[in-house]
Each structure stands twice: as C-alpha cells, then as structure tokens.
Amino acid sequence: MTEVKQGMKTAPQEERETIISYDRQTQMWHIYTDEPKHARKYEKYVTSPQRKGYNSASQLIMLEGDIDKGVVTIMKKRCLTEKQRKENGLRLNKSRSFQNGDTSDRDFSM
C-alpha cells in the first residue's frame with residue numbers, strides 16, 4: 001500500500017537528502033529521497049513504493065521504497081575532452097547512418 005501525499009512543499013535545498021541503504025537479510029536496497037531530481041530519476045526502479053509526495057503542481061518531490069531485484073552502483077561522472085566528444089559524435093553519426101540503411105561508409109575506425 002502506497003501512501004501518497006499531495007500538495008507537499010519542497011524542502012529547502014540545504015535540508016534535502018537521499019538515503020540508499022541495503023538490508024542484507026532481505027537482500028533489498030531501500031531508498032528515501034526528498035530531492036525532486038532524485039525522486040524522478042529513481043521512481044522507475046522502485047517496484048514497491050511505500051511513500052510518494054507531490055507538490056501543488058503534481059510533480060513528484062519525495063519517494064520512499066524498495067528497489068526490488070536491483071543493484072546500486074556509484075561511479076564518478078565521466079569527463080571527456082573536446083577531442084573525445086567529437087570522436088564519439090562522429091562514431092554515433094556513422095552508426096546512425098548505417099542503421100538507417102546508408103552502407104556507403106562502413107569504416108568505423110578512428
């Protein structure tokens with residue numbers, strides 16, 4: 001049973017938090033967040049939400065529940081150089097044109 005709260009006020013930025021914990025006995029991850037960005041991002045992974053909170057504009061701003069059969073991974077944000085970005089863009093464009101039937105340029109090497 002999901003508890004849904006409508007018309008909640010968004011917490012001040014300095015008070016927002018996201019807590020992800022792991023219960024070894026049930027082998028389940030649990031998440032609580034009142035950071036709207038995180039609530040929207042992780043909503044699709046929470047299969048059994050316990051609580052959801054929406055603001056007056058009906059936007060999800062709070063979420064609590066279990067991540068069923070999920071794996072939580074934390075990694076650093078990848079920083080690419082401008083050259084790497086251009087190379088990745090060229091590779092993506094070539095791949096897209098190939099998928100759309102343009103087989104004139106099959107060399108994907110850089």
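This dialogue goes through the fold, strand pairing, loops and burial of one predicted protein chain.

Trainee: What should be known about the model before it is read?

Mentor: It is a predicted model, in which local features need pLDDT of at least 70 and side-chain atom pairs count only at pLDDT 80 or more, while totals for chains, interfaces and linings use all residues. Residues are numbered from 1 along each chain as its sequence is written, and side-chain values use heavy atoms, with hydrogens and water left out.

Trainee: Which elements make up the secondary structure of the protein chain, and in what order do they run?

Mentor: Helices (H or I, at least four residues) and strands (E, at least two) are DSSP runs, numbered from the N terminus. In this protein chain there are two helices and five strands. Read from the N terminus, their order is β-β-β-α-β-β-α.

Trainee: How does one read the radius of gyration of the protein chain?

Mentor: The radius is taken over C-alpha atoms and is set against the globule rule, 2.2 Å times the number of residues to the power 0.38. For the 110 residues here the rule gives 13 Å, and the radius of gyration is 21 Å, well over that value, so the chain is more spread out than a compact globule. The C-alpha trace spans about 55 × 40 × 30 Å along its principal axes.

Trainee: What share of the residues of the protein chain count as buried?

Mentor: Buried means under 20% relative accessible area, exposed means over 50%, and partly exposed lies in between (1.4 Å probe, protein chains only). By that criterion 22% of the 110 residues are buried. The exposed area of the protein chain is about 9000 Å², and carbon and sulfur atoms supply 48% of it; such areas come from the Shrake-Rupley method with a 1.4 Å probe, and for residues only the protein chains shown count as cover.

Trainee: How is strand pairing recognised, and in which sense do β2 and β3 pair?

Mentor: Two strands pair if DSSP finds at least two bridges between them. Strand β2 (residues 18-23) and strand β3 (residues 28-33) are joined by six bridges in the antiparallel sense. Within this pair, tyrosine 22 stands opposite tryptophan 29 in β3.

Trainee: Which strands pair with β4, and in what sense?

Mentor: Strand β1 (residues 3-5) runs parallel to β4 and is joined to it by three bridges; lysine 5 has glycine 53 of β4 as its bridge partner. β4 also pairs with β5, in the antiparallel sense and over six bridges. In that pairing the bridge partner of lysine 52 is leucine 63 in β5, and arginine 51 stands opposite glutamate 64 in β5.

Trainee: How many bridges join β3 to β5?

Mentor: Five bridges do so, and the two strands run antiparallel. Threonine 33 has leucine 63 in β5 as its bridge partner. Leucine 63 is also the partner of lysine 52.

Trainee: What is to be noted about the backbone in the two hairpins?

Mentor: The value to read is phi. The hairpin of β2 and β3 has four residues between the strands. In that loop, glutamine 27 has a positive phi of about 55° although it is not a glycine. The hairpin of β4 and β5 has five residues between the strands. Serine 58, in the loop between β4 (48-54) and β5 (60-67), has a positive phi of about 60° and is likewise not a glycine.

Trainee: Are these loop residues buried or exposed?

Mentor: Glutamine 27 counts as exposed at 60% relative accessibility, and serine 58 counts as exposed at 52%. Glutamine 25, which also lies in the loop between β2 and β3, is exposed at 78%.

Trainee: Where in the chain is isoleucine 61, and which residues does it contact?

Mentor: Contact means heavy atoms within 4.5 Å. Isoleucine 61 is in strand β5 and counts as buried at 4% relative accessibility. Leaving aside neighbours within four places in sequence, its contacts include Met8, Thr33, Pro36, Ala39 and Tyr54. In strand β5 eight of its eight residues are buried.

Trainee: How does separation in sequence relate to separation in space here?

Mentor: Two pairs may be set side by side. Isoleucine 61 and alanine 11 are 50 residues apart along the chain, and their C-alpha atoms are separated by 8.9 Å. Glutamine 25 and alanine 11 are 14 residues apart in sequence and 32 Å apart in space, C-alpha to C-alpha. For the whole protein chain, among contacts between residues at least 6 apart in sequence, 42% join residues at least 24 apart.
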